Amino acid sequence: MGTNNRTSKRPKVFSGVQDLPTGYSSDSITNGCLVLEGGAFRGIYSEGVLDALMEAGINMQTTIGVSAGAMNGMNYVAGQIGRSARFNLTYRHDDRYVGWQAYRNNKGLIGFDFAFQNDHPVIAPFDLQRFSDPRRRFIAVATNVKTGKPEYFDRDTCGNILQAVRASATMPYVSKPVLVDDYPCLDGGCSDKIPFHWALKHGFEKIVVVRTRDESFRRKLNLKRDRLMAHMFYHKHNPFMQVLAKSNARYNKLCDEMDRLKQKNRIFVIAPMKPVDVSRIEGDMEKLGALYYQGYHEAQKLIPALKAYLSA
């Protein structure tokens, strides 16, 4: 007997989306810097972590994010529990967000116009007023295509912080650069995948890093392939081409350095306790929902240790 194609299709919305936490974080401010790694839809792990932090009253004074980390960081700074996850677990399969319509409208894989509009029927409006609270700082990291160097766009000095977040999350190879303050930019992960050096440079005593890969993960290196790919697409932008070709090797060095800093109790790292079996553009909604709750529950268990680190 044949399988009914209509019933065998995977659901396009996470089955537990109605049960996601909601509400606002407290108005308290926690001294220190929160560093958010990217990873496209693997960033749903971070969304679970951030919701747990907000529920525990841990609202870091400064948040710096790359790619999906920048997008999630916006809702964290706005104090909106569950908003990031509810959006991604509802609209992942909406063609205006990920698909051909998104590509036509945004010249890239993600439909930022759709993501940033503020009238989604099942998502609370983005709280721009709270996001703009001068007591907190927000930085989105993008990569300057002309120089190959990271640009750290501060909410309070950038001409358009939403445009900077869009650039931060705009993937190379499949997207056109985004203009921010007259700089053509792409994904911040091309030049600075986990920007804890920025936090160290700016003198933060307490630095919390939220990863989207387990701590043992390292990228498999194929420098010849990476150079060829970068050259094919960006040979007219030599500095960016060089940086992009070496980004995986640089990522592995960052991970090694984070391990050393964590051992010295210089930084606090929250990372998946097991390898993440979710792709950058994962379409299995139940896997995405499970990854959200993995981050949520793992962060809850770490709250006592995190509070001890922050208060020491």
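Visitor: How many residues line the largest pocket, and which of them lie nearest its centre?

Guide: Happy to start there, with one caution: this is a predicted model. The largest pocket has a lining of 28 residues, and those nearest its centre are K193, R219, S247, N248 and R280. Two elements, α10 (223-234) and α12, each give two or more residues to that lining. The space inside comes to about 710 Å³.

Visitor: How does the lining of the largest pocket divide by class?

Guide: Sorting the lining residues by class is a handy way to read a pocket. Here there are 11 charged, 10 nonpolar and seven polar residues.

Visitor: And the second largest pocket: what is its volume, and which residues lie nearest its centre?

Guide: Its volume is about 460 Å³. The lining again has to be read residue by residue: 28 residues take part, with M71, F87, Y97, A115 and F116 nearest the centre. The elements that contribute two or more residues are α2, α3, α4 and α6 (112-116). Of these, α3 gives the most, with five residues. By class, the lining of the second largest pocket holds 18 nonpolar, seven polar and three charged residues.

Visitor: How many cavities of 30 Å³ or more does a search of the whole structure find?

Guide: A cavity differs from a pocket in that a probe that fits inside cannot get out. The search finds one cavity of 30 Å³ or more, and the largest cavity has a volume of about 60 Å³.

Visitor: Which helices supply at least two residues of its lining?

Guide: Those are α2 (44-55), α3 (68-77) and α4 (83-91). The largest share, four residues, is from α2. Among the lining residues are E47, D51, N72, Y76 and R83. By class, the cavity lining has five polar, four nonpolar and three charged residues.

Visitor: Helix α4 has come up for both the cavity and a pocket. How many of its residues are buried?

Guide: When reading a helix, ask how much of it is covered and by what. For α4, nine of its nine residues are buried, including R83, R86, F87, N88 and L89. Its buried residues pack against α2, α3, α6 and α13.

Visitor: Now the core. Which residues have the most contacts inside the largest nonpolar core?

Guide: First, the general idea: in soluble globular proteins, nonpolar side chains tend to be buried together. In this model the largest nonpolar core has 86 residues, and L53 and L89 have the most contacts inside it. Helix α13 (residues 285-311) provides the largest share of this core, 10 residues. There is also a second, separate core of nine residues, which includes C190, F240, M241 and A245.

Visitor: What does L53 touch, leaving out residues up to four places away in sequence?

Guide: L53 touches L34, I58, Y76, I270, I303 and L306.

Visitor: Could we look at one loop residue? Where is P195, and is it buried or exposed?

Guide: P195 sits in the loop between β6 (183-187) and α9 (196-201). The cut-off for buried is under 20% relative accessible area; P195 is at 0%, so it counts as buried. Apart from neighbours within four places in sequence, P195 is in contact with V35, I64, V66, V141 and Y152. P150 makes a useful distance check: 45 residues separate it from P195 in sequence, while their C-alpha atoms are 9.6 Å apart in space.

Visitor: Why does N252 count as buried?

Guide: N252 counts as buried because its relative accessibility is 11%, and the cut-off is under 20%. Its place is in helix α12 (residues 247-263). Beyond its neighbours within four places in sequence, N252 is in contact with R218, R219 and L221. You met R219 earlier, among the residues nearest the centre of the largest pocket.

Visitor: Finally, how many helices and strands are there in the chain?

Guide: The chain has 13 helices and eight strands. Its radius of gyration is 19 Å, close to the 20 Å that the globule rule gives for 312 residues, so the chain is as compact as a globular protein of that length. Its C-alpha atoms fill a box of roughly 60 × 50 × 40 Å along the principal axes. Buried residues account for 56% of the 312 residues. To read the fold through its contacts, take those between residues at least 6 apart in sequence: 77% of them join residues at least 24 apart.

Methods
Residues numbered from 1 in each chain as written. Predicted model: local features only at pLDDT ≥ 70, side-chain atom pairs only at ≥ 80, totals over all residues. Heavy atoms only, no water. Buried < 20%, exposed > 50% of the residue type's maximum accessible area, 1.4 Å probe, protein only. Contact = heavy atoms within 4.5 Å. 1 Å grid on protein atoms, 1.4 Å probe; cavity = no way out; pocket = protein on both sides within 12 Å on 5 of 7 lines; lining within 4 Å. Points joined across faces, edges and corners; volume = space filled by probe spheres on them. Nonpolar A, V, L, I, M, F, W, Y, C, P; charged D, E, K, R; others polar. Core = buried A, V, L, I, M, F, W, Y, C linked by side-chain atoms within 4.5 Å. Rg over C-alpha atoms; globule rule 2.2 N^0.38 Å.
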